[in-house]
Amino acid sequence: MTVMKNSVRQRSNGTWEGRYYGADGKQHSVYGSTKNAVKDKLAAKRTEISQGVAITETDLTVEQWGREWLDNFKANRVKHSTMDNYNTYFRLHIVPYIGSIKVKDLTTLTVQRLYNQLERKGLSPKSIHDIHGMLHGMLDKAVKMELLRRNVSCNCELPRVVKHEMYPLSKEEVGQFMELAKNDLYYLMMRLDFFTGLRESELIGLSWDCVDFDKHTLRVYRQFVRIASGPDKGKMMYMPLKNGKERTITLTTSALNVLKEAKRKQSEMRLRAGSSWENEHNMIFTRENGRFVRFKTLYVHFKAIVKKMGRPEVRFHDVRHTFATLSLQSHVDPKTLSEALGHATVAFTLDVYGHSNEDMKQQAADQLEQLICQY
């Protein structure tokens, strides 16, 4: 490295700049708040170049590198929904704030200020964590491509993610729900979910090829979702499951009867609809004309029922929580439950439903006490 004559100077804003010629023969600069800090950086550069470990830093901006990272390293390698989220986060929250900054000029403080600003704007902690994950991956790839020396996002502090409160129904409340819902157009749909714990997108997307009446099984291999961005933005389409793992659920006799009744009722609806019937995906649960059930429609019907119960805070997703909680309290093996829910690990299942696991431990302790106290 050749350090230029009068290479260290104070800038008009009070900071200091040091200039040098790198191994590539081009002029580069380092910056610092004091003259000595810049001299130390120049010395470090000299050592790096002499040892052959210097990185020729890129002049790409965050926007330019981010677009290249998305197009060449993420497109067609992650799920469609994940790519949608990446593009949205990048367009709305990365580019407007730090998109024009050169990647080599990014600092930990700059990235931290970005996260702080997003939090002040009201963005949820979960979304900020997701944005951090994307930005971290983007900068990590820049390091591996020798465009950067280090990933400046590593030491940033993120807001604490507070888990959504769960509102599972008790066994008695499930009975009350069924009584109030029995005349609802989507009663069978909601009833099946209490037996399977399907995610809403999985339940809406169920098709008749998923059901094996002879084996009493339900195959869950895709979900029906609205596309958030790209050429198919706004369309409802089948996509892979949340974690990419399909699963097969063994159905109870009651759950199987729900599906048999759904098949009978669908035949009646089809006859009534005549030529207006349209069920292109052969879905199990449809509207009266055969079209798919909208998320909003199911939400409205469900909320009307829980409101009558005096439990307006209960969300449709709490049916899934109810299934899991009652399963654990009924001593269903956690591994079996985890597979039925489509969770990646048993540990995750027990972490999410730890309150039920504690109930199981207390029940086991009470049973042991009763057994021993007999003698």
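Colleague: How much of the protein counts as buried?

Modeller: In this predicted model, 40% of the 375 residues count as buried.

Colleague: What makes Phe177 count as buried?

Modeller: The cut-off for buried is under 20% relative accessible area, and Phe177 has a relative accessibility of 0%, so Phe177 counts as buried. Phe302, with a relative accessible area of 1%, is buried by that cut-off too.

Colleague: How many aromatic pairs does the structure hold, and why is the pair of Phe177 and Phe302 called tilted?

Modeller: The structure holds 8 aromatic pairs. Ring centres must lie within 6.5 Å to pair, and planes that are neither under 30 degrees apart nor over 60 count as tilted; the centres of Phe177 and Phe302 are 5.5 Å apart with their planes at 45°, so this pair is tilted. Because Phe177 belongs to helix H6 (residues 171–181) and Phe302 to helix H10 (residues 295–309), the pair ties together parts that are 125 residues apart in sequence. Ring pairs also link Phe177 and Phe302 with Phe194 and Phe316 into a cluster.

Colleague: Why is the pair of Phe224 and Tyr238 called tilted?

Modeller: Here the ring centres are 4.9 Å apart and the planes stand at 55°, so the pair of Phe224 and Tyr238 is tilted. Phe224 lies in strand S6 (residues 223–226) and Tyr238 in strand S7 (residues 236–239), 14 residues apart, and both Phe224 and Tyr238 are buried.

Colleague: Which charged end sits over the ring of Tyr238?

Modeller: That of Arg222, at 3.5 Å from the ring centre of Tyr238, where the distance cut-off is within 6 Å.

Note on methods
Residues numbered from 1 in each chain as written. Predicted model: local features only at pLDDT ≥ 70, side-chain atom pairs only at ≥ 80, totals over all residues. Heavy atoms only, no water. Buried < 20%, exposed > 50% of the residue type's maximum accessible area, 1.4 Å probe, protein only. Phe/Tyr/Trp six-rings, centres within 6.5 Å; stacked < 30°, edge-to-face > 60°. Helix = DSSP H or I, 4+ residues; strand = E, 2+ residues; numbered from the N terminus. Lys NZ or Arg CZ within 6 Å of the ring centre and 35° of its normal.
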